[in-house]
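Here are some short exercises to work through with the structure open beside you. Try each task yourself before you read the solution.

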Amino acid sequence: MKKDVIIIGNGIAGVTLAVLLQRKGIPFVLLHRKVEKEAFALGETLPPTAMPLLNELQLLSVFEENAYRKTYGYHSMWGSSRVTDINFFHHNPYKNGLKINKQQTLQQLREIIKENMISYHKEFDIIQEAHGNTVVLAKNEGVKIVQGKILIDATGRNRAILQKLNVKSNVHDELVALSCHIPKIKHPKLTHEVYVESFKEGWGIVSALNEIENICTIFTHKGNEILSKLKDVSQWKIVLSETMYLKDFLQETNQAKFKGGNANSSVAAQIAGSNWLVLGDAAMSFDPLSSHGITNAIYTAAKASEAIVKKLNFADTEAFPEYDSTMKTIFQQYLQSKNNLYQQETRWKDATFWKQFFM
Ligand SMILES: Cc1cc2nc3c(=O)[nH]c(=O)nc-3n(C[C@H](O)[C@H](O)[C@H](O)COP(=O)(O)OP(=O)(O)OC[C@H]3O[C@@H](n4cnc5c(N)ncnc54)[C@H](O)[C@@H]3O)c2cc1C
């Protein structure tokens, strides 16, 4: 099979790029690795600032139709023991964000591009040919051979293509996340259904996922002593016993579905090569405190689609280096604002989790 673009990775970044390329009439294939495990809903929130981008890309209706609900603000207790109320009422032009149902949104987007998706369930290999094309061997029981001019890494934090190309990552911290789904309760002191609170060894967020469940995620650093306790959800209440409101949400944890993983900030040392591009978390992964991961996945997909058109249709040799440098600049700005945000929490400057932000 010969296509102009081969996309590997089936999350928001890869699928958004596929939809945009299809609209532009650029031949592509999305190689989709089949995963047996049921997806765990993270209950990602999109801020109101993401809505104009979705609207411009004509994707807003897909995200809205499949969202759990609109969000109109959130509360946080960060830097002091006062609850801050962030209301989206003053945002323009959109006065709401979205609590997205990622799996359902992806399902609808994949339906649009299904003719150009190929599943495989084992490994893939890459062969870079001398004349600049790439061949991908996707392995099932047999091997599917796909040849393309441009290869896209949209494999999230796995960075599966970058690993094969031996491109390193710059990792800026060791944040890890542990999430669990718990029965929904409405806190009597909070109006919004998203609440963030910092504590001595990390921070946590609880938000309504749907009518019956809340999702609670605790963030700390790899190696922190609270991690061993957090691996047992029934211990979370003890770990969070000194929090003001977070602990109140953990009333029934016996049946809680649970998942852990990386949530660190990192950037690929190279985000574009002469015939490859990296998108979404694979390009740069953000701290979930920023609520910026999904926006980044969509934004990088949009910018990548423009760079691909320039390269294929206008032989523009600057398009890929420009993409690389734009993304690296964005990541530098993000790092600065992330550090400023963590430095606003000065109550536990000497605690293991917080002290590194003050070194
Ligand atoms: C706890 C937590 C909370 C978060 N909260 C928010 C939030 O509130 N708001 C927000 O905007 N963002 C949030 N994020 C971030 C957001 O989920 C990600 O930034 C976003 O989903 C990244 O999309 P992606 O398509 O780049 O990567 P992914 O969603 O990781 O998709 C990568 C795809 O590649 C596939 N893949 C991986 N390896 C291979 C391989 N070897 N071969 C083939 N395919 C492969 C995977 O199966 C997957 O389909 C949160 C993240 C975490 C961990």
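**Exercise 1.** In this predicted model, decide whether Gln58 is buried, partly exposed or exposed.

*Solution.*
Step 1. Start with the number: Gln58 has a relative accessible area of 60%.
Step 2. Compare this with the cut-off, where exposed means over 50%. Gln58 is therefore exposed.
Step 3. Now find its place in the chain. Gln58 sits in the loop between helix H2 (51-56) and helix H3 (60-66).
Step 4. Look at the backbone too. The phi angle of Gln58 is near 55 degrees, a positive value in a residue other than glycine.

**Exercise 2.** Find out where Arg159 lies, and whether Arg159 is buried or exposed.

*Solution.*
Step 1. Go to the loop between strand E11 (143-153) and helix H5 (160-164), and you will find Arg159 there.
Step 2. Its relative accessible area is 7%. Buried means under 20%, so Arg159 counts as buried with its 7%.
Step 3. Check phi: Arg159 is not a glycine, yet its phi is positive, at about 45 degrees.

**Exercise 3.** Explore the loop between strand E6 (84-87) and strand E7 (97-99), and work out which residues Asn96 is in contact with.

*Solution.*
Step 1. Asn96 belongs to this loop, and Pro93 lies in the loop between E6 and E7 as well.
Step 2. Inspect the peptide bond from Asn92 to Pro93. This bond is cis, with omega near -5 degrees.
Step 3. Return to Asn96, which is buried because its relative accessible area is 9%, below the 20% limit.
Step 4. Leave aside the neighbours within four places in sequence. Asn96 is then in contact with Pro48, Met51, Lys70, Thr71, Tyr72 and Phe88.

**Exercise 4.** Lay out the open sheet that contains E3, E7 and E4. Which strands are its edges?

*Solution.*
Step 1. Write down the order of the 3 strands: E3-E7-E4, with antiparallel pairing.
Step 2. The edges are strand E3 (45-46) and strand E4 (69-71), as each pairs on one side only.
Step 3. Follow the pairing of E4 with E7: the two run antiparallel and are joined by 3 bridges.
Step 4. Pick out one pair of residues here. Lys70 stands opposite Leu98 in E7.

**Exercise 5.** Trace the partners of E11, and say in which sense each one pairs with E11.

*Solution.*
Step 1. Begin with strand E1 (residues 2-8), which pairs with E11 in the parallel sense over 6 bridges. Here Ile6 has Leu151 of E11 as its bridge partner.
Step 2. Next comes strand E10 (residues 134-139), joined to E11 by 6 bridges in an antiparallel arrangement. Thr134 is partnered by Gly148 in E11.
Step 3. Notice the link between these two: E10 and E11 form a hairpin with 3 residues between them.
Step 4. Finish with strand E19 (residues 276-278), which runs parallel to E11 and is joined by 3 bridges. In this pairing, Leu151 meets Trp276 of E19.
Step 5. Put the pairs together: Leu151 is the bridge partner of Ile6, and Trp276 is the bridge partner of Leu151.

**Exercise 6.** Describe the surroundings of the ligand. How many residues surround the ligand, and which helix gives the most to the shell?

*Solution.*
Step 1. The ligand is surrounded by 28 residues, and the closest are Glu44, Tyr120, Asn158, Asp281 and Ile294.
Step 2. Sort the shell by class: 12 residues are nonpolar, 12 are polar and 4 are charged.
Step 3. Look for helices. Helix H1 (12-24), helix H8 (280-283) and helix H9 (293-314) each supply at least two residues of the shell. H9 gives the most, with 3 residues.
Step 4. Turn to the atom pairs. An oxygen atom of the ligand is 2.6 Å from an N or O atom in the side chain of Glu44. A nitrogen atom of the ligand is 2.9 Å from an N or O atom in the side chain of Tyr120. At Ala13, a polar backbone atom is 3.0 Å from an oxygen atom of the ligand.
Step 5. Last, consider the cover: on its own the ligand has 1000 Å² of accessible area, and the protein covers 85% of that.

Technical notes:
Residues numbered from 1 in each chain as written. Predicted model: local features only at pLDDT ≥ 70, side-chain atom pairs only at ≥ 80, totals over all residues. Heavy atoms only, no water. Near = heavy atom within 4 Å. Polar contact = N/O pair within 3.5 Å; in protein donor to acceptor, adjacent residues only side chain to side chain. Areas by Shrake-Rupley, 256 points an atom, 1.4 Å probe, with all protein chains shown as cover. Helix = DSSP H or I, 4+ residues; strand = E, 2+ residues; numbered from the N terminus. Nonpolar A, V, L, I, M, F, W, Y, C, P; charged D, E, K, R; others polar. Buried < 20%, exposed > 50% of the residue type's maximum accessible area, 1.4 Å probe, protein only. Contact = heavy atoms within 4.5 Å. Pairing = 2+ DSSP bridges.
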